[in-house]
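Please open the model in your viewer and keep the selection panel at hand. The tour below goes from one selection to the next and says what can be found at each stop.

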Amino acid sequence: MSSEVLLTKEPLVTMEVFYFQRLTRLAEKYGFVDGGAYELTTGWDASQSGDVERLLRDIDEKDPYVVSCFPPCGYMSPLQALTSEEKRRDPARFESELKKEISFIVLCLEIARRQVRRGKHFIFEQSRGRATWDLNEMIDFLLEFEPCVAEAAGSASTNDTLSPGSPSGRYGAS
């Protein structure tokens, strides 16, 4: 990657989605241009279609070298999987929030696809034990880009992150 960065004369833009300027804040120090952070503290709300359209338009216009995506995953945590549906205080609210969270993950996967198709890069951050990795959309994405994912994971294969028998497998949205 470093030789690629050194050979380009174009400004290297970095953007973040769902995280408050962790990487973009350091962009200039490492030769990147801050393309913006898109999350609630910056006034962006992924549950608003206009904000999502603005993000996708900004990505198209700024053509970032890398987009970092850190979608929320609280409702897909291993702890949430320990509570059965009938024991939840408000199952309807949980289901509604879970669907919203899955839509945020799907948005991040769409951003990643756009980046790959343009020959650019993305970072998708989720903990290994999260049900995110068991979503049908995530499995489809990993299979679609398997050679890239396996290379990025080093010695770990995509099978190390997918656990079809896990309790979190019930979160598939497709």
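This is a predicted model, and the tour begins at Arg113, so select this residue together with Asp140, Phe141, Glu144 and Phe145, which are the residues that Arg113 contacts once its neighbours within four places in sequence are left aside. Arg113 has its place in helix α4. Is Arg113 buried or exposed? Arg113 has a relative accessibility of 16%, and because buried means under 20% relative accessible area, this residue counts as buried.

Next, select the whole of helix α4, residues 91-117, and then add the strands that this helix touches as it packs on the sheet, namely β1, β3 (66-69) and β4. If you look along helix α4 and along β4, their directions make an angle of about 155 degrees.

Now hide the helix and turn to the sheet itself, which is an open one of 4 strands in the order β2-β1-β3-β4, with parallel pairing. β2 (32-38) and β4 (121-124) stand at the edges, and because each has a single partner strand, one side of each is left without a neighbour in the sheet. Direction ignored, neighbouring strands of this sheet are turned against each other by 15 degrees on average.

The pairs of strands can then be visited in turn. Strand β1, residues 12-17, is joined to β2 by 5 bridges, and the two run parallel; to see one place along this pair, select Val13, which stands opposite Val33 in β2. Between β1 and β3, which also run parallel, there are 4 bridges, and here Glu16 has Ser68 in β3 as its bridge partner. Keep Ser68 selected as you move on to β3 and β4, which run parallel and are joined by 4 bridges, since Ser68 also stands opposite Ile123 in β4.

While β3 is in view, show its side chains: Val66 and Ser68 point one way, whereas Val67 and Cys69 point the other way, and all of them are buried.

The last stop is the second largest pocket, which holds about 200 Å³ of space. Which residues line the second largest pocket? Select Phe18, Glu39, Leu40, Trp44, Asp45, Ala46, Pro72, Lys100 and Phe104 to show its lining. Colouring these residues by class will give 6 nonpolar and 3 charged residues, with no polar residues in the lining.

Key: Residues numbered from 1 in each chain as written. Predicted model: local features only at pLDDT ≥ 70, side-chain atom pairs only at ≥ 80, totals over all residues. Heavy atoms only, no water. Pairing = 2+ DSSP bridges. Axes fitted to C-alpha atoms, helices over the stretch in contact; angles between N-to-C directions. Contact = heavy atoms within 4.5 Å. 1 Å grid on protein atoms, 1.4 Å probe; cavity = no way out; pocket = protein on both sides within 12 Å on 5 of 7 lines; lining within 4 Å. Points joined across faces, edges and corners; volume = space filled by probe spheres on them. Nonpolar A, V, L, I, M, F, W, Y, C, P; charged D, E, K, R; others polar. Buried < 20%, exposed > 50% of the residue type's maximum accessible area, 1.4 Å probe, protein only.
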